[in-house]
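This report goes through one protein model, from its core to its pockets and loops. The sequence and structure are shown first.

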Amino acid sequence: MKLYLIHTGYYDKSIGEGFYEQHTNIFIVAKNAHNAREKVKQTKDYIDKKMHIDGIKEIENIDGYDIELKKNNNQEKVTSFNHYQVRFLKSEK
């Protein structure tokens with residue numbers, strides 16, 4: 001399995017009367033780019049916002065580190081830091 005970043009676009013009528021295209025990125029794990037494309041099309045946000053795909057990145061290596069995906073039964077965990085929290089991040093010792 002490989003990691004893909006799917007760059008999507010959509011028009012939101014509640015923002016600027018839908019004139020401006022909005023964008024978001026969705027991470028998908030799939031065997032190949034074709035499967036990633038089909039998998040993202042089944043996500044709730046993609047369907048609800050009537051998104052389209054602007055691009056797909058297959059991520060194999062970043063900053064000299066290989067990306068290794070390992071299957072587990074854990075619940076999905078994503079940690080987010082908002083713009084305020086980012087300002088006060090401290091170095092871990």
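Leaving aside its neighbours within four places in sequence, which residues is Tyr-4 in contact with? The model in which this is examined is a predicted one.

## Tyr-4 and the nonpolar core

Beyond four places in sequence, Tyr-4 is in contact with Ile-26, Phe-27, Ile-28, Ala-30, Lys-31, Asn-32, Ala-33, Ala-36, Ile-56, Lys-57 and Glu-58. Tyr-4 also belongs to the largest nonpolar core, a set of 10 residues. The other members are Ile-6, Tyr-10, Ile-26, Ile-28, Ala-30, Ala-36, Val-40, Tyr-46 and Met-51. Strand 1, strand 2 and helix 1 (33-40) are the elements that each give two or more residues to this core. As a general tendency, nonpolar side chains in soluble globular proteins are buried together.

## Thr-8 and Thr-79

Is Thr-8 buried or exposed? Thr-8, which has its place in strand 1, counts as buried because its relative accessibility is 0%, and the cut-off for buried is under 20%. Not counting residues up to four places away in sequence, Thr-8 touches Gln-22, His-23, Thr-24, Ile-26, Tyr-46, Met-51, His-52, Ile-53 and Asp-54. Among these contacts of Thr-8, Ile-26, Tyr-46 and Met-51 are members of the largest nonpolar core.

Thr-79 sits in the loop between strand 5 (65-66) and helix 3 (83-87). Its relative accessibility is 54%, so Thr-79 counts as exposed; the cut-off is over 50%. From C-alpha to C-alpha, Thr-79 and Thr-8 are 21 Å apart, with their positions 71 residues apart in sequence.

## The two pockets

The largest pocket has a volume of about 480 Å³. Its lining consists of Leu-3, Phe-27, Val-29, Leu-69, Lys-70, Lys-71, Asn-72, Asn-74, Gln-75, Glu-76, Lys-77 and Val-78. By type, the lining divides into five nonpolar, three polar and four charged residues.

How much space lies in the second largest pocket? The value is about 200 Å³. Met-1, Ile-28, Val-29, Lys-39, Leu-69, Lys-70 and Lys-71 line this second pocket. Four of these residues are nonpolar and three are charged, with no polar residue in the lining. Val-29, Leu-69, Lys-70 and Lys-71 appear in the linings of both pockets. Ile-28, in the lining of the second largest pocket, is also a member of the largest nonpolar core.

## Lys-39

Lys-39, one of the residues lining the second largest pocket, lies in helix 1. Its relative accessible area is 42%, so Lys-39 is partly exposed. Not counting residues up to four places away in sequence, Lys-39 touches Ile-28 and Val-29.

Which backbone atom does the side chain of Lys-39 reach? It is the backbone oxygen of Val-29, at 2.8 Å. The C-alpha atoms of Lys-39 and Val-29 are separated by 8.7 Å, and the two residues are 10 apart along the chain.

## Positive phi in two loops

Glu-17 is not a glycine, but has a positive phi of about 60 degrees. Glu-17 is found in the loop between strand 1 (2-11) and strand 2 (21-30). With a relative accessible area of 74%, Glu-17 is exposed.

Lys-50, likewise not a glycine, has a positive phi of about 55 degrees. The loop that holds Lys-50 runs between helix 2 (44-48) and strand 3 (52-59). Lys-50 is exposed, at a relative accessible area of 71%.

Methods
Residues are numbered from 1 along each chain as its sequence is written. This is a predicted model: local features need pLDDT of at least 70, side-chain atom pairs count only at pLDDT 80 or more; totals for chains, interfaces and linings use all residues. Side-chain values use heavy atoms; hydrogens and water are left out. Helices (H or I, at least four residues) and strands (E, at least two) are DSSP runs, numbered from the N terminus. Buried means under 20% relative accessible area, exposed over 50%, partly exposed in between (1.4 Å probe, protein chains only). A nonpolar core is a set of buried Ala, Val, Leu, Ile, Met, Phe, Trp, Tyr and Cys residues joined through side-chain atoms within 4.5 Å. Contact means heavy atoms within 4.5 Å. On a 1 Å grid over the protein atoms alone, a cavity is a set of points where a 1.4 Å probe fits but cannot get out, and a pocket is an open set with protein on both sides within 12 Å along at least five of seven lines; lining residues have an atom within 4 Å of a point. Grid points are joined across faces, edges and corners, and a volume is the space filled by probe spheres set on the points. Ala, Val, Leu, Ile, Met, Phe, Trp, Tyr, Cys and Pro count as nonpolar, Asp, Glu, Lys and Arg as charged, and the others, Gly among them, as polar. A polar contact is a pair of N or O atoms within 3.5 Å; within protein, one must be able to donate a hydrogen and the other to accept it, and residues adjacent in sequence count only if both atoms are side-chain atoms.
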